Amino acid sequence: MTWEDFLSSQGATVENLNTNGFTPHWQSDALQTGFVAPLTDLGLIRVAGEDAPSFLHNQLSNDVEHLGATELRRAAYCTPKGRMLASFVYWKDGQDIILQLSKTIQASVQKRLQMFVLRAKAKLHDINAEYVVLGLGGSAAPAALQEWFPELPAKVDQQLSNEYGSLLRVADANSFPRYQWIAPVEIAQLAWPKLNTQLRAVNTSAWRVTEIQAGIAIVIASTQEKFVPQMINFELIGGVNFKKGCYPGQEIVARSQYLGKLKRRMAIALVHAKDVAAGTEVFHSDDVSQPCGMIVNAEQHQEDSSLVLIEMKLTDQESGQLTLGSASGAAIELQPLPYAITDITQ
């Protein structure tokens, strides 16, 4: 049975890379008490071969050659002009490297990366048919996982692997730890009923809400080539290493960091509207003739509102009124980020 068929047997549907049919997160307190969500919108690429680390090291914005066996890292994949084509989470699986990204762009990004392999001993494999990505969070999540992972990753950006798959500890949200379980399909099907006895099954969008709460952006099809990494705070969450060697766009990314204070950053905001789309422009009351920013990611948060990430000018975050799509659009209220905005080098 495929994972999609299994989810259908559990009362869910998988449409447009989203899992629906479970409890909407705004109808329960699951994000605090404990939830599990099938992350059907995320894709996985296995990069195998003895040159896999060095090949990726030369393509991505972060260090791959010195990646530890239990480390979890983020990286940007950029055009020569420094604009992000993809945002990756990556880790080791034995001698291989696993890349995770939005499934909306996986095929094109994988094809582009493969083009640059040339003589390197590295090959990229789509492994979405073999593995399932589950997102877990809330106060009950650690206890629910311990049947399969008696020892949990102790810190954010760590991962542990065993016969049940890989468990990634990602940034906290709502003051509770969050995990991604990368499980073989058959293991996920066996574990799902047990997880449901301790956690609330929720739709895929619930996980994306917690990503927004954690201030973590993901590049999707509608936002490719829109942002230099710093514009969406990517170096603040460990996605850029300014001391590593060259990669596509490295000169632009470094110049953005070192030549003066950064003028554009990403913020969390509440929008008084549903169905907000990534890529939608944002306007400021001081100048309604042109947009001041753009929606990076957005998810419905309550019955009539959405939680979003906005890339915009820092000066426009200080005062004035923000609206969605036009000067007469839905009101936007900025929310605090869970980390400090600083101009750092690392």
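Hi everyone, let's start with a hole: the largest cavity here has a volume of about 30 Å³. By cavity I mean, on a 1 Å grid over the protein atoms alone, a set of points where a 1.4 Å probe fits but cannot get out. Points are joined across faces, edges and corners, and the volume is the space filled by probe spheres set on them.

Before going on, a word on the source: this is a predicted model, where local features need pLDDT of at least 70, side-chain atom pairs count only at pLDDT 80 or more, and totals for chains, interfaces and linings use all residues. Residues are numbered from 1 along each chain as its sequence is written, and side-chain values use heavy atoms, with hydrogens and water left out.

Back to our hole. The count comes to 1 cavity of 30 Å³ or more. Its lining, meaning residues with an atom within 4 Å of a point, is made of V240, N241, F242, Y247, Q250 and A254. That lining divides into 4 nonpolar, 2 polar and no charged residues; Ala, Val, Leu, Ile, Met, Phe, Trp, Tyr, Cys and Pro count as nonpolar, Asp, Glu, Lys and Arg as charged, and the others, Gly among them, as polar.

Now to the barrel. Six strands, in the order β14-β17-β16-β15-β18-β19, make a closed barrel with antiparallel pairing. Strands here are DSSP runs of E, at least two residues, numbered from the N terminus, and two of them pair if DSSP finds at least two bridges between them. As a reminder, strands of a sheet pair through backbone hydrogen bonds.

Where do β14 and β19 meet? Strand β14 (residues 264-271) is joined to β19 (residues 331-335) by 4 bridges, and I268 has Q335 as its bridge partner.

Moving round, β16 and β17 pair antiparallel over 8 bridges and form a hairpin with 2 residues between them. One partnership there is A298 with V308 in β17. On the other side, 2 bridges join β15 (residues 281-284) to β16, with E281 opposite M294. How covered is β16? Of its 10 residues, 9 are buried, that is, under 20% relative accessible area with a 1.4 Å probe, protein chains only.

Last, my favourite residue: M312, in strand β17. Is M312 buried or exposed? It counts as buried because its relative accessibility is 0%. Leaving out residues up to four places away in sequence, M312 touches several others, including K263, R265, C292 and L334, where contact means heavy atoms within 4.5 Å. Thanks, everyone!

Conventions: 1 Å grid on protein atoms, 1.4 Å probe; cavity = no way out; pocket = protein on both sides within 12 Å on 5 of 7 lines; lining within 4 Å. Buried < 20%, exposed > 50% of the residue type's maximum accessible area, 1.4 Å probe, protein only.
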